[in-house]
Amino acid sequence: MLLITLEQWRALVGVVDAGSYALAAEALGKSQSSVSYAVAQIEERTGVQIFQIHGRKAMLTAEGKALYLRARYLLSEASRLEKAAAQMALGHEAELRLAADIMFPPTILIEAIQRHAQERQTARVEIYETVVSGFRGLLEDGKVDLAIAPEVPDGFLGEPIMRVSFLPVAAPGHPLHKLDQVTLHDLRDHHHLIIRDSGERRADQGAWHVSQNRIVFSQTSTSIEAARRGLGFSWFAETLIEEDLRAGTLKELPMAERAQRSVELFLIFRDPVGASPGVRALAEALRAAVKPGQ
């Protein structure tokens with residue numbers, strides 16, 4: 001059985017989209033007879049009647065419509081394959097892997113991925129959302145190309161990308177808000193909502209843990225919802241709770257001591273010298289998504 005070529009499928013799609021053989025031939029830059037012959041070859045090789053004549057118009061049969069829809073998908077995939085091959089030839093790998101600490105604002109992360117996707121639509125980006133030391137194993141084992149993390153491990157180079165500010169908050173009805181001033185001693189009598197370190201070799205977070213009454217979550221969103229419901233207090237990245245502060249569902253605690261905390265996040269390459277153009281492009285998209293002064 002002779003195979004149907006992409007050019008023949010392109011002719012079929014062209015006829016249906018243009019509405020006639022003549023217009024399809026003009027759009028494809030071919031003669032009308034060659035377009036007609038290509039469609040006829042598809043019918044002959046598949047044994048499927050693609051068009052039926054109704055009056056003066058050729059209408060797609062049910063089988064013809066099914067072939068047309070599959071042909072459109074086939075041509076789209078062929079185009080994507082060609083683009084992917086061209087980018088690979090330039091050193092843009094098919095998959096990029098990024099470890100991003102959950103402290104990195106999701107809105108900025110998504111903006112960076114959108115910037116990157118606009119330029120390289122065929123690249124797949126895999127994102128590992130990590131907590132504290134969770135990025136270490138991924139970076140050291142070569143499972144990610146880039147990392148955004150709160151520290152630079154020995155043997156790697158990193159550049160500061162942004163500073164994240166944290167505020168101590170609780171629901172407006174939480175008992176801590178009944179105090180004129182809240183001390184660290186006061187906090188020890190209430191539940192501290194914290195996020196579990198995702199690393200195998202967990203880092204010391206003692207400075208952040210001010211109460212033995214801890215409730216540990218794996219997801220920041222769950223921890224924030226628990227705080228909204230009055231379950232406890234926590235330090236949350238200001239960028240993650242801006243809407244809650246405006247809406248009044250969370251309220252900053254009136255701490256007696258200086259309570260604001262901040263963490264510097266770094267952009268770390270697994271291999272800064274041998275990084276491919278694709279990895280460098282993703283890094284540039286991350287830099288561009290971070291607004292000046294952050």
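These legends accompany three close-up views of a predicted model.

**View 1. Helix α5 packed against helix α10.** Two packed helices are described by the angle between their axes and the distance between the axes. Here, α5 (residues 106–119) and α10 (residues 277–289) meet at about 135 degrees, and their axes are 8 Å apart. That angle makes α5 oblique to α10. The crossing of α5 past α10 is right-handed.

**View 2. The residues where α5 touches α10.** From α5, look for Ile-108, Leu-109, Glu-111, Ala-112, Ile-113, Arg-115 and His-116. Their partners on α10 are Gly-278, Ala-281, Leu-282, Ala-285, Leu-286, Ala-288 and Ala-289. If you sort the residues of this contact by character, you will find ten nonpolar, two polar and two charged.

**View 3. The largest pocket and its lining.** Now we turn to the largest pocket, which holds about 690 Å³ of space. Its lining is made of 30 residues, and those nearest the centre are Ile-102, Phe-104, Pro-106, Thr-220 and Leu-240. Helix α5 appears again here, giving the most to the lining of the largest pocket with five residues. At least two lining residues come from each of β3 (95–101), α5, β4 (124–130), α8 (220–228) and α9 (242–247). By character, the lining of the largest pocket divides into 13 nonpolar, eight polar and nine charged residues.

Definitions and conventions. Residues are numbered from 1 along each chain as its sequence is written. This is a predicted model: local features need pLDDT of at least 70, side-chain atom pairs count only at pLDDT 80 or more; totals for chains, interfaces and linings use all residues. Side-chain values use heavy atoms; hydrogens and water are left out. Axes are lines fitted to C-alpha atoms, for helices over the stretch in contact, and angles run from 0 to 180 degrees between N-to-C directions. Helices (H or I, at least four residues) and strands (E, at least two) are DSSP runs, numbered from the N terminus. Angles under 35 degrees count as roughly parallel, over 145 as roughly antiparallel, 65 to 115 as roughly perpendicular and the rest as oblique. A crossing is left-handed if the near helix is turned anticlockwise from the far one by less than a right angle, and right-handed if clockwise. Contact means heavy atoms within 4.5 Å. Ala, Val, Leu, Ile, Met, Phe, Trp, Tyr, Cys and Pro count as nonpolar, Asp, Glu, Lys and Arg as charged, and the others, Gly among them, as polar. On a 1 Å grid over the protein atoms alone, a cavity is a set of points where a 1.4 Å probe fits but cannot get out, and a pocket is an open set with protein on both sides within 12 Å along at least five of seven lines; lining residues have an atom within 4 Å of a point. Grid points are joined across faces, edges and corners, and a volume is the space filled by probe spheres set on the points.
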